[in-house]
Amino acid sequence: MKKYTEEGSDYIRAVIGGAVFALLENTNYDAIKVVDIYRKAAVGKTTFYRYFGNKDGKKDAMFFNLKEGFLEFCRNHPELEQIDDRFGGYIWEEKEKMKLLSRENCMDVLDKLILSVYGPKDDQNDNIYFHYMGAGLWMGLIRAVIQNDFCDEPQVIREKLAIGFTQLFQNQTPHN
């Protein structure tokens with residue numbers, strides 16, 4: 001019996017998720033079949049089902065691709081010390097994937113990634129409200145950035161957020 005390493009399994013999961021994203025470039029989400037995915041990923045049918053053998057397999061594969069991509073981004077950018085800078089940089093780098101998720105009404109995949117990064121961990125039930133609030137802010141922010149088609153650079157977004165929060169705390173509504 002062949003033994004699979006966790007590192008090798010993570011790589012295969014990420015490749016399968018990458019295949020789903022590649023197929024989304026020219027095919028609607030609902031039209032993508034499992035056979036298309038495992039052929040694009042150059043893996044066998046059994047391999048696909050070993051890792052993603054349920055009705056949410058396509059979305060699970062996309063999530064895993066994003067999660068592994070984010071971890072890789074963090075490893076490649078040690079200069080970004082703050083989690084917000086790392087996550088924002090990753091979202092910006094992968095903006096085409098973000099647009100695909102939005103176009104195909106698969107934002108729940110991105111929400112799952114955000115919750116995995118910002119949501120409470122199993123041992124963090126001391127302030128779950130804070131963790132969910134942070135995750136919710138990111139969900140709203142990324143949707144706004146996608147809606148604006150990534151037209152504003154990250155620094156401009158930070159400045160607009162700072163102005164908005166200042167006005168909010170001064171009990172005013174933002175104008176822009």
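## A look around an all-helix chain

Asn 105 is exposed, because its relative accessible area is 65% and exposed means over 50%, with buried under 20% and partly exposed in between (1.4 Å probe, protein chains only). Keep in mind that this is a predicted model, in which local features need pLDDT of at least 70, side-chain atom pairs count only at pLDDT 80 or more, and totals for chains, interfaces and linings use all residues. Residues are numbered from 1 along each chain as its sequence is written, and side-chain values use heavy atoms, with hydrogens and water left out.

**The overall picture**

The protein chain has nine helices and zero strands. Here, helices (H or I, at least four residues) and strands (E, at least two) are DSSP runs, numbered from the N terminus. The C-alpha atoms fit in a box of roughly 65 × 40 × 30 Å along the principal axes. Of the 176 residues in the chain, 38% are buried. Take the contacts (heavy atoms within 4.5 Å) between residues at least 6 apart in sequence: 61% of them join residues at least 24 apart.

What about the outside? The accessible surface comes to about 11,300 Å², and carbon and sulfur atoms hold 52% of it. These areas come from the Shrake-Rupley method with a 1.4 Å probe; for residues, only the protein chains shown count as cover.

**Two loop residues with a positive phi**

Back to Asn 105: it has a positive phi of about 55°, although it is not a glycine. You'll find Asn 105 in the loop between helix H6 (95–103) and helix H7 (107–118). Ala 42 is not a glycine either, and has a positive phi of about 60°. Ala 42 sits in the loop between helix H2 (34–41) and helix H3 (45–52). Is Ala 42 buried or exposed? With 68% relative accessibility, Ala 42 counts as exposed.

**Salt bridges**

How many salt bridges does the structure hold? There are eleven, where a salt bridge is a side-chain nitrogen of Lys or Arg within 4 Å of a carboxyl oxygen of Asp or Glu. Here are some of them:

| Salt bridge | Closest N and O atoms |
|---|---|
| Lys 112 with Asp 60 | 3.5 Å |
| Arg 158 with Asp 85 | 3.8 Å |
| Asp 152 with Lys 160 | 3.0 Å |

Lys 112 in helix H7 and Asp 60 in helix H4 (residues 57–76) are 52 residues apart, so this pair links distant parts of the chain. Lys 112 is partly exposed, at 37% relative accessible area.

Arg 158 lies in helix H9 and Asp 85 in helix H5 (residues 83–93), so their salt bridge ties together parts 73 residues apart in sequence. Arg 158 is partly exposed at 44%, and so is Asp 85 at 27%.

In the pair of Asp 152 and Lys 160, Asp 152 is buried, with a relative accessible area of 18%, while Lys 160 is partly exposed at 47%. Elsewhere on the list, Glu 96, Lys 99 and Asp 149 are linked in a network of salt bridges.

**A nonpolar patch**

Phe 130, Met 133, Leu 137, Leu 161, Phe 165, Leu 168 and Phe 169 form a nonpolar patch on the surface, with about 750 Å² of accessible area together. Helix H8 (128–147) and helix H9 (154–169) are the elements giving two or more residues to this patch. Which one gives the most? That's H9, with four residues. Met 133 belongs to helix H8 and is partly exposed, because its relative accessibility is 48%. Patches are made of residues with over 30% relative accessible area and no salt bridge: like charges are joined within 9 Å, and nonpolar side chains (Val, Leu, Ile, Met, Phe, Trp, Tyr) within 5 Å.
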